[in-house]
Amino acid sequence: MLITHRKRLLTLYRIAAKYRLDTHFADVPELAPIARLIRLHPAALGKSHQELGVKLALEEMGTLFLKLGQLLSTRADLLPPAIIAQLSLLQDKVAPFDVATAKSIIEDTKVGLGQPIDTLFARFDETPLAAASIAQVHTAALLDGREVVVKVVRPDIRTGIIDDFELLRQMASWASARIEAARAIHLIDIVEDYRQIMLNELDLTLEAANSTKMRNNFTGSRLIYVPQVYAATKQVMVAERVFGVPISQTQVFDRLNYDRATLAEKGLTIFFTQVFRDNFFHADMHPGNIFVETMPDGSAVAEPRYIGLDCAIMGELSKADQLIVARLLLSVMNGNYTALVDIIAAAGWIPPSADKHALIRDMSRTVSPMVTKPIDEIDFAGVLFEILSIARRHRMSIPPQLMLLLKTLVHVEGLGRELYPELDIWSLAKPILTAWVKDQLDPVKNLQDIKAELPEILLSTTDLPKLLSQSIQSLATLGASQDATIRELQAMRADALNERRHDWIAGGGFVLMIALAWWSAVAIHLYLAPVFFVLAIGFVIWRVLL
């Protein structure tokens, strides 16, 4: 397995060199060491800058990297405009797969609709309307004339996703053993959670169920419209066709005289409504999934709504986490950082020995500038990294279930920055959050909830004798379990020490050979320098393949 993972790393290295990714990041100083490493690969020799190198490389690297590109495509504040333009193409302009393959999947009796195309549709358009990382979409018409879109999952991508996540998990384990910030955000759990999310995305019956639930949540809404799903199997979904413009095409909104400020406010209201009212939020909000309504001919509608597409990745929080998030946000909006730290402490995110006063000062210094600035002046990524640094210093533990919400916030902030930079997100969010928190803390409502759950509580008391017996048995076996756990920890510690020893040997050998190469070139014989350089590369390859 280790050899497989390291081969995959070498493959990614080769792809990066093949498309000369180093030439695209020349203006990003933090990536300069990686750029120099890419240039050393033989696949980079004789090749120059490629205009669409980033897009093509991520496509060849696979689905996981396409998803990363989609996330970064909303962050024009992090990457140069030329790279953002390429990443934006990954939202719905990934290279499509053959239409004959798409038709065979649709007609398949196990994963598709199980009938010939001609008996399913009055018309099926062979040219894809869009092609993205997981699936591609064809337009069609049902036998009764209704216009639909047919979504088909890409063939044979499941194995690649599983392999890449195995690699990611190994890297997360390595980072968690060495980097406190990785442990603080439960990096291994995040990788595992996102692995399951992406595997679920391959099952279109789950997406269909999510779309139906979200459609029901916003029935009759003037904010958002979710298309109706007509049929769904594992790899094929047929849904109502709707017409709109991707949220990134702001110049079209200006041409249609759509009020961008109103659209931005509607978008933020939808987000907070999903998170707090419904506890069911769209967690893949890149521009390829978020459209604004138009007429079929592209003309304006009187009161444009958002269109909710691709509901494969949806997030949910426990009631306790919902309340914690809402109270945290209100504390930030009110500038009450003492309350902020008290909430974090009550949630058990910091150890009892943590210096609360120092944490209050750090949070106030880092977070308070966000509240007083419009969205276009907020360095959201910088604040986020600083908060993670604070978490590391104060040994704060951020629950994994909140990381999907954090990913969604990155998307929302990026979309809001592009749509209407002057949006005051805090003034809009504060009354929504205040009303929701008051409703959750209403004693009358809480008594009603307890009354509704009372029959279930009474029924559960019949399990008390069984639970007592199980508890006694658990105590009896606790000692043996503890011994086994200690042995496992000792084995893990030994493995970690071996890994660190190999790191030091490879790193020390590399540095020594590079020093000898420089010394040979300057002080002895020039022809010896390449020998030492090759030996240095040998140490790197040895560590990768070990």
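## Helix α3 and the residue after it

Gly62 takes a positive phi of about 120°. This glycine comes just after helix α3 in the predicted model. The helix itself spans residues 53-61 and is mostly covered. Seven of its nine residues are buried.

The buried set in α3 mixes side-chain types. Gly53, Val54, Ala57, Leu58 and Met61 belong to it. Lys55 and Glu59 are buried as well.

## Aromatic contacts

The model holds five aromatic pairs. One of them joins Phe271 and Phe272. Their rings meet edge-to-face, with 5.3 Å centre to centre and 70° between the planes. Phe271 has 3% relative accessibility, so it counts as buried, the cut-off being under 20%. Phe272 also counts as buried because its relative accessibility is 8%.

Phe276 and Trp436 make a tilted pair. Here the centres lie 5.1 Å apart and the planes 50° apart. This pair links distant parts of the chain. Phe276 sits in helix α13 (residues 260-278), Trp436 in helix α19 (residues 425-440), and 160 residues separate the two. Phe276 is at 3% relative accessibility and therefore counts as buried. Trp436 is at 10%, so it too counts as buried. Phe271, Phe272, Phe276 and Trp436 form one aromatic cluster.

## Charges over rings

Two basic side chains lie over ring faces. Lys213 lies over the face of Phe280, at 4.3 Å from the ring centre. Arg277 lies over the face of Phe218, at 5.1 Å from the ring centre.

## The second largest pocket

The second largest pocket has a volume of about 860 Å³. Its lining comprises 44 residues. Nearest the pocket centre lie Leu129, Ala130, Val137, Phe291 and Leu309. Several helices and strands give two or more residues to this lining. The helices are α4 (63-72) and α11 (204-217). The strands are β2 (130-131), β3 (135-142), β4 (147-153), β7 (236-240), β8 (244-246) and β11 (306-308).

By residue class, the lining of this pocket divides into 23 nonpolar, 13 polar and eight charged. Two domains take part in the lining. Domain 1 (5-91 + 159-199) gives at least three residues, and domain 2 (99-155 + 203-315) also gives at least three.

Terms used: Residues are numbered from 1 along each chain as its sequence is written. This is a predicted model: local features need pLDDT of at least 70, side-chain atom pairs count only at pLDDT 80 or more; totals for chains, interfaces and linings use all residues. Side-chain values use heavy atoms; hydrogens and water are left out. Rings of Phe, Tyr and Trp (its six-membered ring) pair if their centres lie within 6.5 Å; planes under 30 degrees apart count as stacked, over 60 as edge-to-face and the rest as tilted. Buried means under 20% relative accessible area, exposed over 50%, partly exposed in between (1.4 Å probe, protein chains only). Helices (H or I, at least four residues) and strands (E, at least two) are DSSP runs, numbered from the N terminus. A charge sits over a ring if NZ of Lys or CZ of Arg is within 6 Å of the ring centre and within 35 degrees of the ring normal. On a 1 Å grid over the protein atoms alone, a cavity is a set of points where a 1.4 Å probe fits but cannot get out, and a pocket is an open set with protein on both sides within 12 Å along at least five of seven lines; lining residues have an atom within 4 Å of a point. Grid points are joined across faces, edges and corners, and a volume is the space filled by probe spheres set on the points. Ala, Val, Leu, Ile, Met, Phe, Trp, Tyr, Cys and Pro count as nonpolar, Asp, Glu, Lys and Arg as charged, and the others, Gly among them, as polar. Domain bounds come from an automatic or database domain assignment.
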